[in-house]
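The following exercises treat a single protein chain. Work through each task with the sequence and coordinates at hand before reading the solution.

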Amino acid sequence: MEKLLREKFEIIEHHQNFLLFLKSMKTFDERLLRKPIGERKWSIIEIVGHFYPWDEFVLQHRIPYILAGKSLPKAPSAEDVNILSSFIARTETIEKTFEKCIRIREDLLNQLDQIPEEQWLIKLQIEDSTLTLYEYLKGLMEHDIHHINEIKFTLKQGG
């Protein structure tokens, strides 16, 4: 049980820190947030904006199914979701992108916090993979960290 508490805490703490990171960027200069982080790369705001649909997907099409013991629906095309989310982030206000991404991540954090520890061990079948809820969420956390590191590197370079 102690390992379970540690695993749940690791994921919860990550989401809390992620929210602090998002909130810390809200006041950055819009030009910096809209500038691509590299050649043929998204801007910081597009990276931020792409978290929203994936958090929404986890909230609507993963957590309820997992808790109900139902098989998981197929995920949408990552390319399609990312193209649409980057377009939305480019065309809506910076404030709106941050507002909705922070709100959905807070919702996700609240949902995850309410999942009993023993449910974190449930084996999930996602296409050809079998993994626990913790392993699934850890993969998402690593994806977040990848993008956080990209953003931090860009900011350190001065945009």
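Two residues are in contact when they have heavy atoms within 4.5 Å. The model is predicted, so local features need pLDDT of at least 70 and side-chain atom pairs count only at pLDDT 80 or more, while totals for chains, interfaces and linings use all residues. Residues are numbered from 1 along each chain as its sequence is written, and side-chain values use heavy atoms, with hydrogens and water left out.

**Exercise 1. Locate glutamine 119 and state which residues it touches.**

Step 1. Helices (H or I, at least four residues) and strands (E, at least two) are DSSP runs, numbered from the N terminus. Glutamine 119 lies in the loop between helix 6 (94-114) and strand 1 (123-126).

Step 2. Leaving aside residues up to four places away in sequence, glutamine 119 touches Ile66, Leu67 and Leu133.

Step 3. Buried means under 20% relative accessible area, exposed over 50%, and partly exposed in between (1.4 Å probe, protein chains only). Glutamine 119 has a relative accessible area of 17% and is therefore buried.

**Exercise 2. Describe how strand 1 pairs with strand 2 and where its side chains point.**

Step 1. Two strands pair if DSSP finds at least two bridges between them. Strand 1 and strand 2 (residues 129-132) do so in the antiparallel sense, over 4 bridges.

Step 2. Lysine 123 stands opposite threonine 132 in strand 2.

Step 3. The two strands form a hairpin with 2 residues between them. In the turn, glutamate 127 has a positive phi of about 55 degrees.

Step 4. Side chains alternate along strand 1: Leu124 and Ile126 point to one face and are buried, whereas Lys123 and Gln125 point to the other and are not.

**Exercise 3. Characterise three salt bridges by distance and by the accessibility of the partners.**

Step 1. A salt bridge is a side-chain nitrogen of Lys or Arg within 4 Å of a carboxyl oxygen of Asp or Glu. By this rule the count comes to 10 salt bridges.

Step 2. Aspartate 29 pairs with arginine 31, their closest N and O atoms being 3.5 Å apart. Aspartate 29 is partly exposed because its relative accessible area is 38%, and arginine 31, at 67%, counts as exposed.

Step 3. Glutamate 150 forms a salt bridge with lysine 41, with the closest N and O atoms 3.8 Å apart. This pair links distant parts of the chain, 109 residues apart: glutamate 150 is in helix 7, and lysine 41 is in the loop between helix 2 (30-34) and helix 3. Glutamate 150 has a relative accessible area of 18%, so it is buried; lysine 41 has 46%, so it is partly exposed.

Step 4. Lysine 100 and glutamate 92 meet in a salt bridge at 3.2 Å, N to O. With a relative accessible area of 13%, lysine 100 is buried, and glutamate 92, at 13%, counts as buried too.

Step 5. A network of salt bridges links Asp55, Arg105 and Asp144.

**Exercise 4. Which element gives the largest share of the lining of the largest pocket?**

Step 1. On a 1 Å grid over the protein atoms alone, a pocket is an open set of points where a 1.4 Å probe fits, with protein on both sides within 12 Å along at least five of seven lines; lining residues have an atom within 4 Å of a point.

Step 2. Of the 19 lining residues, the closest to the centre of the largest pocket are Trp54, Val58, Tyr136, Leu140 and His143.

Step 3. Helix 3 (44-61), helix 6 and helix 7 (133-156) each give two or more residues to this lining. The largest share, 6 residues, comes from helix 3.
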